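Trainee: I've got a model open and I'd like to learn how to read it. Can we go through it together?

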Amino acid sequence: MTDSPAPSFRSDMTVELVKHSAADTDVLWAARVSTAGEQSLDELKKDPERSKGLINYLMRDRHGSPFEHNSMTFFISAPLFVFREFHRHRVGWSYNEESGRYRQLQPVFYVPDESRKLVQQGRPGKYEFVEGTPEQHKLTVEAMEDTYRTAYARYGELLEAGVAREVARAVLPVGLYSSMYATCNARSLMHFLGLRTQHEQAKVPSFPQREIEMVGELMEQRWAELMPLTYAAFNANGRVAP
Ligand SMILES: Cc1cc2nc3c(=O)[nH]c(=O)nc-3n(C[C@H](O)[C@H](O)[C@H](O)COP(=O)(O)OP(=O)(O)OC[C@H]3O[C@@H](n4cnc5c(N)ncnc54)[C@H](O)[C@@H]3O)c2cc1C
């Protein structure tokens, strides 16, 4: 029944924009509909400066709802501990994640690469992370890989013995990769980015875990291409969601 592949280890996160309907013009249309009824998708080209100014005004004064009339669906692969943090974002998000009840989980596990700062300094709420030594990095990778191999072997044993997947999965660690679809709009994404990324233009600094930040950075790149004026206004106004 169980065909157990060998564990593999990775350090990256992947984010694919699988579907979208999101443009700066969606914001303009929503903002102007109540007054002028202007529904033209050519608005942006007609008067770019006015469009830019309106989006900036909406962002600055936190008129948030015009930023909701768009949609982005991402396919994300990341460790379980990242998804646990991710799913705390409840408003303006829809999720579907692969199931550990209906299929055998694949042995792909997270290990930090050399760029991941390993040592935490400072007080809660104001942490700083600094480089670990080569010895600390080696120890971390070894400890994780050993644990993952043992855990996945025991998982396979339980499945072989006829134990249900939903029970057997309890032996697997949170470094296991999972995948999900996450759908959001620009407003909910901005709220997420304000909390889960660090950025020099952020008015209110946050101290996210690096791994969820890596996911956020990839989502941010995709979104910036779709809605450049909204993205610029977000940064110019301190990366606070309207
Ligand atoms: C750096 C960092 C550290 C964290 N550490 C911890 C931790 O140690 N433990 C922990 O449990 N969580 C922790 N969190 C998670 C955090 O508390 C939030 O759950 C998470 O950031 C989602 O934020 P949110 O609730 O604003 O988002 P959403 O759930 O998407 O909500 C968006 C906004 O909607 C409004 N809203 C949503 N629900 C309600 C409600 N029920 N009542 C009133 N208004 C509502 C709020 O204005 C909210 O900001 C941490 C988050 C970060 C970024």
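Trainee: Let's start with a helix. Which residues of α9 are buried?

Mentor: Keep in mind that this is a predicted model. To call a residue buried, count the other C-beta atoms within 10 Å of its own; 20 or more will do. In α9, that gives L229, T230, Y231, A233 and F234.

Trainee: And what covers the buried residues of α9?

Mentor: Look for contacts from other elements. Here the cover includes α1 (24-32), α3, α7 and α8 (210-226).

Trainee: Two of those are α1 and α3. At what angle do the axes of α1 and α3 cross?

Mentor: Roughly 75°, and the axes come within 10 Å. Angles of 65 to 115 degrees count as roughly perpendicular, so α1 and α3 are roughly perpendicular to each other. On the α1 side, the contact is made by D24, V27, L28 and A31, and on the α3 side by S51, L54, I55 and L58. By type, those residues are six nonpolar, one polar and one charged.

Trainee: Now α7. Which residue in helix α7 (residues 186-196) should I look at?

Mentor: Try R196, which sits in that helix. An unreviewed UniProt entry places the feature "active site" at R196. Leaving out residues up to four places away in sequence, R196 touches P208, I212, E213 and G216.

Trainee: Is R196 buried or exposed?

Mentor: Do the count again: there are 23 other C-beta atoms within 10 Å, so R196 is buried.

Trainee: What surrounds the ligand?

Mentor: R196 again, along with R88, H89, R90, V91, H191, L195, S206, F207 and P208. To read such a shell, sort it by residue type: this one has four nonpolar, three polar and three charged residues.

Trainee: One last feature: backbone angles. What sign of phi do most residues other than glycine have?

Mentor: Negative, for most of them. That makes a positive value worth a look. R62 has a positive phi of about 55° although it is not a glycine, and R62 lies in the loop between α3 (48-60) and β3 (71-79). R239 also has a positive phi, near 55°, and is found in the segment after α9 (228-236). Just after α9, there is also G238, with a positive phi of about 85°.

Trainee: Are R62 and R239 buried or exposed?

Mentor: R62 has 10 C-beta neighbours inside 10 Å, so R62 counts as exposed. R239, by contrast, is buried, because 22 other C-beta atoms lie within 10 Å.

Notes: Residues numbered from 1 in each chain as written. Predicted model: local features only at pLDDT ≥ 70, side-chain atom pairs only at ≥ 80, totals over all residues. Near = placed C-beta within 6 Å. Nonpolar A, V, L, I, M, F, W, Y, C, P; charged D, E, K, R; others polar. Helix = DSSP H or I, 4+ residues; strand = E, 2+ residues; numbered from the N terminus. Buried ≥ 20, exposed ≤ 12 C-beta atoms within 10 Å, placed from the backbone. UniProt positions renumbered as here; feature names shortened; annotations may be inferred. Contact = placed C-beta atoms within 7 Å. Axes fitted to C-alpha atoms, helices over the stretch in contact; angles between N-to-C directions. Parallel < 35°, antiparallel > 145°, perpendicular 65-115°, else oblique.
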